[in-house]
Amino acid sequence: MQKVNCFLCHSTQNKTLIKISRQISNETFSISQCECGFSFLNPRPSEEELSKYYTEEEYYPHSKGRGIFYRLYSVARKITYHWKLRVIRKYTDEDIDHLDYGSGDGSFSKFLNSKKNISSLSYDPYFNNSRSLETSEKKYNTITLWHVLEHIYDLNNFFEELNDLLTNNGKIFLAVPNFNSLEKKYFNEDWAAYDLPRHLYHFNHKTLDRLLELKGYKIIKR
């Protein structure tokens, strides 16, 4: 475990906001909040240590499990695919050359590839069967980051990679849990989107806007 400073303002001035016990592994993790308002896991495991928390048996986006919870998750995921496609088409006038970064099992790309005028590739650094981007020089006019940013260990390197993958007029569609959501207040420590230690950062509208502006992106629609 290693202590970290605030990514947004680099301040060392932060305080423990909440401690969450992880029943599966009998571990306790802490979320700190910086004086600038950004919340993040602190201290956090090394990048190598984090990989063990993405086992297929435990992590639903990577799993091939059974049971009622997995079936409900699978049905809900398929429903959201149609909504996501409508959002993408609304803001993309040309043929869609798409990359789903942090794609899990790649099922969203498979769904998109069944549609007209769309070519989609899936990539997930934590998924064993994912295709590699290391040797590709291809650029995409559409990149989706569905619940990805909160998992990225090195955000600076990630955005450099993202800039190389996106065309000049390309668009990024992203979703993250809202740290100021009503459901968080209702569920308290049982809020599913804490998901420690996989979720390294906990964004609200203000801190997400600040991150994107720091990295040179214009927000079109929230």
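Trainee: In strand 7, which residue is the bridge partner of tyrosine 140?

Mentor: The partner is leucine 166. This is a predicted model, in which local features need pLDDT of at least 70 and side-chain atom pairs count only at pLDDT 80 or more, while totals for chains, interfaces and linings use all residues. Residues are numbered from 1 along each chain as its sequence is written, and side-chain values use heavy atoms, with hydrogens and water left out.

Trainee: What makes strand 6 and strand 7 a pair?

Mentor: Strands, which are DSSP runs of E with at least two residues, numbered from the N terminus, pair if DSSP finds at least two bridges between them. Strand 6 (residues 140-146) and strand 7 (residues 166-175) have 6 bridges in the parallel sense, so they satisfy that rule.

Trainee: Where does the chain cross between strand 6 and strand 7?

Mentor: The chain passes through helix 4 (residues 155-165), in a right-handed β-α-β crossover. Helices are DSSP runs of H or I with at least four residues, and right-handed means that, with the strands pointing away from the viewer, the path from the first strand over the helix to the second runs clockwise.

Trainee: Why is glutamate 150 said to have no salt bridge?

Mentor: A salt bridge needs a side-chain nitrogen of Lys or Arg within 4 Å of a carboxyl oxygen of Asp or Glu. For glutamate 150, the nearest side chain of opposite charge, arginine 198, is 9.7 Å away, so the requirement is not met. Glutamate 150, in the loop between strand 6 and helix 4, is nevertheless buried, meaning under 20% relative accessible area with a 1.4 Å probe, protein chains only.

Key:
Buried < 20%, exposed > 50% of the residue type's maximum accessible area, 1.4 Å probe, protein only. Lys, Arg positive; Asp, Glu negative; His and termini not counted.
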